[in-house]
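Visitor: Please take me through the packed interior of this model, one part looked at closely, with the cut-offs kept in view.

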Amino acid sequence: MAIHQLSAELLTREVRVSVIGAGGTGSQMLMGLAQLHTAMVALGHPGGLNVTVIDSDLVSEANVGRQMFYPSDVGLPKATVLVNRINMAMGTGWHAETRRLTASENLRTDLAIGCVDNRLARKAILDSVARGGGGYWLDLGNRLHDGQVVLGQVPARWAKSNAERLPHAVDLLPEIADAAQEADDESPSCSLADALEKQSLFVNRGVALYALNLLWELFRYGQIAYHGVFVNLKTARTTPLPVDPEAWARFGFPKRKRGGKRGSKRG
């Protein structure tokens, strides 16, 4: 097993963070990021986190109770509600953008945190970070009872080499950005009860907790020995993803080049 070292530069200045998605997982992540920012500053980090939240959705009645919203928030933009709440409580200057992220834009960020629920949105994050010069991408995803957290590095679109980087979520799980596998029914839930048929009450919080702890380890100690985790709340099991080329090979990374030797099959 290897160790991934955080770029020393990110310990000397404000860290630019883009959170894409402010729903079930995104709202949980934002509350935790406010705590992480405060802890980093208290421990001597010169700037902590400068967070921008990107989400075009409005709060619905079905969001209240499962996401971090209250009845008085219904009808308001999710990103604006959460950012205003954190800024007023913590004295931060975070930003909200009430729009969708597109694959054609340049997202210049140190860390993109994807809290999205469809493949096209993941592809947009990957492409926009690459266009913007690359950076870390922390992907969070879940189903009814289980989910995954994967922290990877997206190379700049013009980069010639992928050496010495953490594979990102699509490197290891290419199907999560495959639009051909997108579910036909993407209609919003009409009630909290309907929403809970699709996702259990605390699965978003469970996935977010592991993601936040991964970032805490990275910024607190400057290094990590694992860069992801697979979580199943139904069976109470977790499986870490180590910083280990042998572990990555079981997912088929790096991809076998045409004419080269046969690579490992995906597990």
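Guide: A good place to begin is Met29, which, leaving out residues up to four places away in sequence, touches Ile113, Cys115, Leu138, Leu140, Ala208, Ala211, Leu212 and Leu215 (contact: heavy atoms within 4.5 Å). The model is predicted, with local features needing pLDDT of at least 70 and side-chain atom pairs pLDDT 80 or more, while totals for chains, interfaces and linings use all residues. Residues are numbered from 1 along each chain as its sequence is written, and side-chain values use heavy atoms, without hydrogens or water.

Met29 belongs to the largest nonpolar core, a set of 43 residues in which Met29, Leu33, Ile113 and Leu138 touch the most other members; such a core joins buried Ala, Val, Leu, Ile, Met, Phe, Trp, Tyr and Cys through side-chain atoms within 4.5 Å. Helix α6, residues 203–221, gives this core its largest share, nine residues (helices are DSSP runs of H or I, at least four residues, and strands runs of E, at least two, numbered from the N terminus). Apart from this core lies another of 26 residues, with Leu107, Ile125, Val129 and Val154 among them.

Val154 is also one of the residues touched by His168, together with Leu126, Trp137, Val150, Gly152 and Gln153, again without counting residues up to four places away in sequence. His168 is found in the loop between β7 and α4 (169–172), and it counts as buried because its relative accessibility is 5%, the limit being under 20% (exposed is over 50%, partly exposed in between; 1.4 Å probe, protein chains only).

Gln153, in turn, leads to the second largest pocket, as it is one of the five residues closest to the pocket's centre, along with His4, Glu164, Arg165 and Leu166, out of 23 that line it. About 500 Å³ of space lies in this pocket. Its lining takes at least two residues from each of β1 (4–5), β6 (135–142), β7 (146–154) and α7 (245–249), and by class it has eleven nonpolar, six polar and six charged residues.

Returning to the helices, Gly24 is found in α1 (residues 24–42), and Gly24 counts as buried because its relative accessibility is 10%. Beyond neighbours within four places in sequence, Gly24 is in contact with Arg66, Gln67 and Asn204, while its C-alpha atom is separated by 7.4 Å from that of Met68, 44 residues apart along the chain.

Definitions and conventions
On a 1 Å grid over the protein atoms alone, a cavity is a set of points where a 1.4 Å probe fits but cannot get out, and a pocket is an open set with protein on both sides within 12 Å along at least five of seven lines; lining residues have an atom within 4 Å of a point. Grid points are joined across faces, edges and corners, and a volume is the space filled by probe spheres set on the points. Ala, Val, Leu, Ile, Met, Phe, Trp, Tyr, Cys and Pro count as nonpolar, Asp, Glu, Lys and Arg as charged, and the others, Gly among them, as polar.
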